[in-house]
Amino acid sequence: MTNNEIVAKLWNMCNVLRDDGITYHQYVTELTYILFLKMAKETESEKNIPEKYRWDELKKKEGMELKRFYEELLRELGDNCTGRIQEIYSGAKSNIEEPANLKKIITNIDSLDWYSAKEEGLGNLYEGLLEKNASEKKSGAGQYFTPRVLIDVMTKLIAPQPGERCNDPACGTFGFMIAADNYIKKNTDELFSLDEETARFQKYEAFTGGELVHETHRLALMNAMLHDIEGKIHLCDTLSNQGTVMKDFDVVLTNPPFGTKKGGERATRSDFTYQTSNKQLNFLQHIYRSLKRNGKSRAAVVLPDNVLFADGDGERIRRDLMEKCNLHTILRLPTGIFYAQGVKTNVLFFTRGETDQGNTREVWIYDLRSEMPSFGKTNPLKISHFDEFVECYKGADLSARKETYSEENPNGRWRRFTYEEILARDKTSLDITWIKSDAEGEDFTLAELLEQIKEKSANIANAVAELEKLIGEVDE
């Protein structure tokens, strides 16, 4: 049985809990509590779990005794254990009311092909479950789950290295940091012969994050642990003074939440120069301030269009970013890749300067949105869609990029804008488009437009008639 098949089987168990009124997200959280115990047994790492509350004891129980024991287990592991176990179970509470449902989940988990799961990697299995949760729109999890292909492209281009401190200040389920860890392991032979001190750094200090939502924080802890990462994941509001502890990083990879602070409140960070209720602008301030000022620390961050054109503090923050950092690349993403409908997003790539002035001289923009289809569940984004952009990117070596840019191709996706050209734009807007579709620029009279509407209506009517005819033939 493959991990995909195991994930499908685990997900189908959600049907068991419908009568208990459990949401998708609650189900994944409930699975996390139970899967942790089973995975600890399978990996022979139960030593930090009291014997009374290990997997074999849990699966012995039946009926109301099982329900009471399970609730006691959650409470004890959250209150009296230490380390990752205590963090994962802190404040844990079961939403399962019917003991038979709980028993069925435990029995089904116990019967899975755990040998195959361990061969493919338990971390991969758990990430598959999180991705399945995000793909179900009813779960609401898509708001914090970044498509895997986008995470991988951003990580590849930022290229984290051994010994660097990496962070995601809005880490969700910790996907970016796990991708950074995977990238380093796949691209660095030295990892197989690291000295003890460096190996410890990679496991305990290299990858960190912050997450506001308690249940999502719990999923992040589990995901990190299954990938052998023990870095600190703060349960905190990064946009409050709690977020000031996250600083001096070599790499930041993140997709902060969209929207404004509740009730239009401004961030409570005392170190922000520009106070605004716009979450994305505040996260942007946090990110470039959290990078080491050494000319090498770098970030890739997903941000919505409004960050590129917002006036007032928005303009001042963009100017501050371009002074303190080399904002060398903007990738305009296609629509439909996030589950929040209608959200248009970009990836900003920038490097922190050694000084706080004059770091951006030109910005390269790649338009992967114009003349592109809308992506979604039925038309997923693929790694191949980024091939040309990856070829053009060439790191922050701007001189190497000029060979990828042609003045003779005004409709090309890759274009350079000087700092002076950007400053001359209204509100220092970075919301720049230049690709024109074939339909753009055509003028139609009212009569011509009416004729087009009639023609399209006739086509639709004909299609409906044909469909009704086919349905009639099937019924006969």
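**Figure 1. Residues 439-445 of the predicted model, a stretch with pLDDT under 50.** Throughout residues 439-445, pLDDT remains under 50. For this stretch the model has 4 contacts beyond four places in sequence. Where pLDDT is low, the predicted coordinates should not be read in detail. For the chain, the mean pLDDT is 85, and 82% of its residues reach 70 or more.

**Figure 2. Helix α2 and helix α6 where their axes come within 11 Å.** Helix α2 spans residues 24-42 and helix α6 spans residues 99-110. Their axes cross at roughly 50 degrees. An angle from 35 to under 65 degrees falls between roughly parallel and roughly perpendicular, so α2 is oblique to α6. The crossing of α2 past α6 is right-handed.

**Figure 3. Side chains and backbone at the contact of α2 with α6.** From α2, the residues in the contact are Y27, L31, I34, L35 and K38. From α6, they are L102, I105, I106, I109 and D110. Sorted by class, the contact has 8 nonpolar residues, 2 charged residues and no polar ones.

**Figure 4. The aromatic pair of F389 and Y393.** The structure holds 12 aromatic pairs. One of them is formed by F389 and Y393, with 5.8 Å from centre to centre. The planes of the two rings are 65 degrees apart, and the pair is edge-to-face. Both residues belong to helix α16, which covers residues 387-393. Because F389 and Y393 are 4 residues apart in this helix, about one helical turn separates them.

Conventions. Residues are numbered from 1 along each chain as its sequence is written. This is a predicted model: local features need pLDDT of at least 70, side-chain atom pairs count only at pLDDT 80 or more; totals for chains, interfaces and linings use all residues. Side-chain values use heavy atoms; hydrogens and water are left out. Axes are lines fitted to C-alpha atoms, for helices over the stretch in contact, and angles run from 0 to 180 degrees between N-to-C directions. Helices (H or I, at least four residues) and strands (E, at least two) are DSSP runs, numbered from the N terminus. Angles under 35 degrees count as roughly parallel, over 145 as roughly antiparallel, 65 to 115 as roughly perpendicular and the rest as oblique. A crossing is left-handed if the near helix is turned anticlockwise from the far one by less than a right angle, and right-handed if clockwise. Contact means heavy atoms within 4.5 Å. Ala, Val, Leu, Ile, Met, Phe, Trp, Tyr, Cys and Pro count as nonpolar, Asp, Glu, Lys and Arg as charged, and the others, Gly among them, as polar. pLDDT is the predictor's confidence in each residue, from 0 to 100. Rings of Phe, Tyr and Trp (its six-membered ring) pair if their centres lie within 6.5 Å; planes under 30 degrees apart count as stacked, over 60 as edge-to-face and the rest as tilted.
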